[in-house]
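The following exercises practise the reading of a protein model. Each task is followed by a solution in steps.

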Amino acid sequence: MSFSPGPSGPLGGTSIQEQRDRWERKRSRTARELVLTEQHYCQQLELVTTYFVEILKAKGTLKQDIREGIFSSIKAIHSVNQSLLVHLENGYFGRGFDQMCPHLHHYNTYMDNIYNGSRVLGIQLKKNKPFRRFKKLQEARPEFHNHKLEDLLQLPVQRIDQYKHFLQDLTANTSPDNPEFHQLSRAVAAVNEVSKRIQNNTRRHENHLQLCRVQKLLKGRKTKVSTAGRWYIREGWLKVVPPKGAEATPKMFFLFSDMLLQAKHCSPLQFTNRDKFAGQHAFPLQDCTVDKVFGHTRSQGGLLSLTFPKAKLLLMSCNQEDLNDWYQSLSSAVGKLQSKQTVVHQRDDELCRRPLRSAADSHNTPSSSRKRNMVSSETSERAQKPAGEGEGSAPKRLKQCDAPEQSAEASSSGCVIL
């Protein structure tokens with residue numbers, strides 16, 4: 001390919017130069033917006049650190065643990081972003097973010113505490129009258145522009161999402177030959193990790209709220225829903241088809257990542273519990289089999305067959321879309337559980353695999369085993385002589401020892417009646 005000047009040379013050079021100019025204009029526009037928003041962001045962080053963190057620390061209105069529970073690492077974040085702003089105002093975008101990335105752990109600490117911080121703040125506003133008055137006076141200052149403390153405390157979460165878009169635009173409009181390209185690329189990866197952490201924390205918090213909501217819907221405390229590692233999936237009404245041809249009865253079902261909970265509506269005569277449900281059965285999904293049965297409702301819904309080790313459920317719905325959603329949700333939950341179980345069994349097999357013995361060990365094995373057999377036979381003969389009168393009681397003790405293991409297996413594989 002020739003780069004010598006010709007008829008198409010000036011046109012090609014002009015188009016390339018135009019493309020570079022467009023990239024530069026986009027980069028300049030993104031950089032200008034980034035600097036302006038960073039200045040405003042640092043001003044708002046300074047309001048929190050100056051008028052709340054520092055003054056509360058000096059006055060002693062809040063204890064240190066409560067103060068840290070509300071504001072967490074926001075003071076360290078403000079210090080990091082002040083250093084970043086200096087680099088951005090001087091045009092060193094790559095260097096500024098490259099030096100900021102090692103300090104993103106302050107953002108991680110803040111993100112992990114954001115929901116606990118809002119909870120602690122709410123408790124103090126209810127119970128601590130001096131703090132409530134202090135907060136109201138500070139928010140009335142003209143510098144706050146009618147912003148509430150609750151809104152200002154959410155700024156670091158929102159800023160991470162803004163950084164992600166700014167950095168992606170800067171990197172896309174920066175030439176790979178530019179020394180800042182690799183610095184910006186590293187910053188994109190680091191900020192994306194913090195963004196994923198925020199999303200995971202949000203999902204966990206929303207799941208916690210769902211578990212608490214379902215727990216409040218259930219009467220009494222016998223059925224425990226809030227358990228570590230459990231995820232809420234869905235809920236809804238399904239009709240339970242009895243095995244002997246009786247009329248199908250509607251029941252409320254709550255699907256979680258590890259179990260299916262069947263409940264019934266409490267009697268309206270119970271004034272305190274008329275809006276609640278009573279748990280009836282908890283079906284573990286570990287060894288469940290899900291099948292879809294057709295042809296029983298004239299294409300308006302259908303039947304789901306759930307087979308457990310010691311129970312079987314036939315669930316009916318007249319809504320085809322709702323039935324398909326239940327089938328997909330149940331199949332997905334069971335599949336994830338069984339895949340986890342397969343991985344655990346593979347690890348257990350690897351751990352239980354017997355190590356290879358050396359030739360010296362195998363050579364010494366027969367003699368040592370003979371000695372152990374001789375010792376064990378002598379001890380068993382000695383033990384049998386005084387226990388000759390109580391031979392009838394020994395098998396009973398063995399059965400009592402075996403009983404808990406059998407009951408544990410039955411409880412883990414079958415449904416739990418609540």
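Of the protein's 418 residues, 33% count as buried, where buried means under 20% relative accessible area, exposed over 50% and partly exposed in between, with a 1.4 Å probe and protein chains only. The model is predicted: local features need pLDDT of at least 70 and side-chain atom pairs count only at pLDDT 80 or more, while totals for chains, interfaces and linings use all residues. Residues are numbered from 1 along each chain as its sequence is written, and side-chain values use heavy atoms, with hydrogens and water left out.

**Exercise 1. The whole protein**

Task: State how many helices and strands there are in the protein, and what share of the contacts with a separation of 6 or more comes from residues 24 or more positions apart.

Solution. Step 1: the protein has 12 helices and eight strands; helices (H or I, at least four residues) and strands (E, at least two) are DSSP runs, numbered from the N terminus.
Step 2: among the contacts with a separation of 6 or more, 61% are between residues 24 or more positions apart, contact meaning heavy atoms within 4.5 Å.

**Exercise 2. Helix H3 and its surroundings**

Task: Compare the span of helix H3 with the expected value, name its buried residues, and examine phi at Ser72 and Gly91.

Solution. Step 1: H3 covers residues 74–89, which is 16 residues. From its first C-alpha to its last the helix reaches 22 Å, close to the 22 Å expected at 1.5 Å a residue; the expected span is 1.5 Å times one less than the number of residues.
Step 2: the buried residues in H3 are Ile74, Ile77, His78, Val80, Asn81, Leu84, Leu85, His87 and Leu88.
Step 3: Ser72 is located in the loop between helix H2 (64–71) and H3. Its phi is near 50°, a positive value in a residue other than glycine. Most residues other than glycine have a negative phi. Ser72 counts as partly exposed because its relative accessibility is 25%.
Step 4: just after H3, Gly91 has a positive phi of about 85°.

**Exercise 3. A second positive phi**

Task: Locate His145 and decide whether this residue is buried or exposed.

Solution. Step 1: His145 belongs to the loop between helix H6 (129–139) and helix H7 (149–152).
Step 2: the phi of His145 is positive, near 50°, in a residue other than glycine.
Step 3: His145 has 62% relative accessibility and therefore counts as exposed.

**Exercise 4. Two helices that cross**

Task: Describe how helix H4 and helix H9 pack, giving the distance and angle of their axes and the hand of the crossing.

Solution. Step 1: two packed helices are described by the angle between their axes and the distance between the axes.
Step 2: the axes of H4 (residues 93–100) and H9 come within 8 Å and cross at roughly 35°. Axes are lines fitted to C-alpha atoms, for helices over the stretch in contact, and angles run from 0 to 180 degrees between N-to-C directions.
Step 3: this crossing of H4 and H9 is left-handed, a term used if the near helix is turned anticlockwise from the far one by less than a right angle; clockwise is right-handed.
Step 4: H4 contributes Phe93, Gly94, Arg95, Phe97 and Asp98 to the contact, and H9 contributes Glu180, Gln183, Leu184, Arg186 and Ala187.
Step 5: these residues divide into four nonpolar, two polar and four charged. Ala, Val, Leu, Ile, Met, Phe, Trp, Tyr, Cys and Pro count as nonpolar, Asp, Glu, Lys and Arg as charged, and the others, Gly among them, as polar.

**Exercise 5. Asn201 in helix H9**

Task: Describe the environment of Asn201, beginning with the helix that holds this residue.

Solution. Step 1: Asn201 is part of helix H9, which spans residues 180–217.
Step 2: Asn201 counts as buried because its relative accessibility is 10%.
Step 3: leaving out residues up to four places away in sequence, Asn201 touches Met111, Asp112 and Tyr115.
Step 4: the side chains of Asn201 and Arg204 are joined by a polar contact of 2.5 Å. A polar contact is a pair of N or O atoms within 3.5 Å; within protein, one must be able to donate a hydrogen and the other to accept it, and residues adjacent in sequence count only if both atoms are side-chain atoms.
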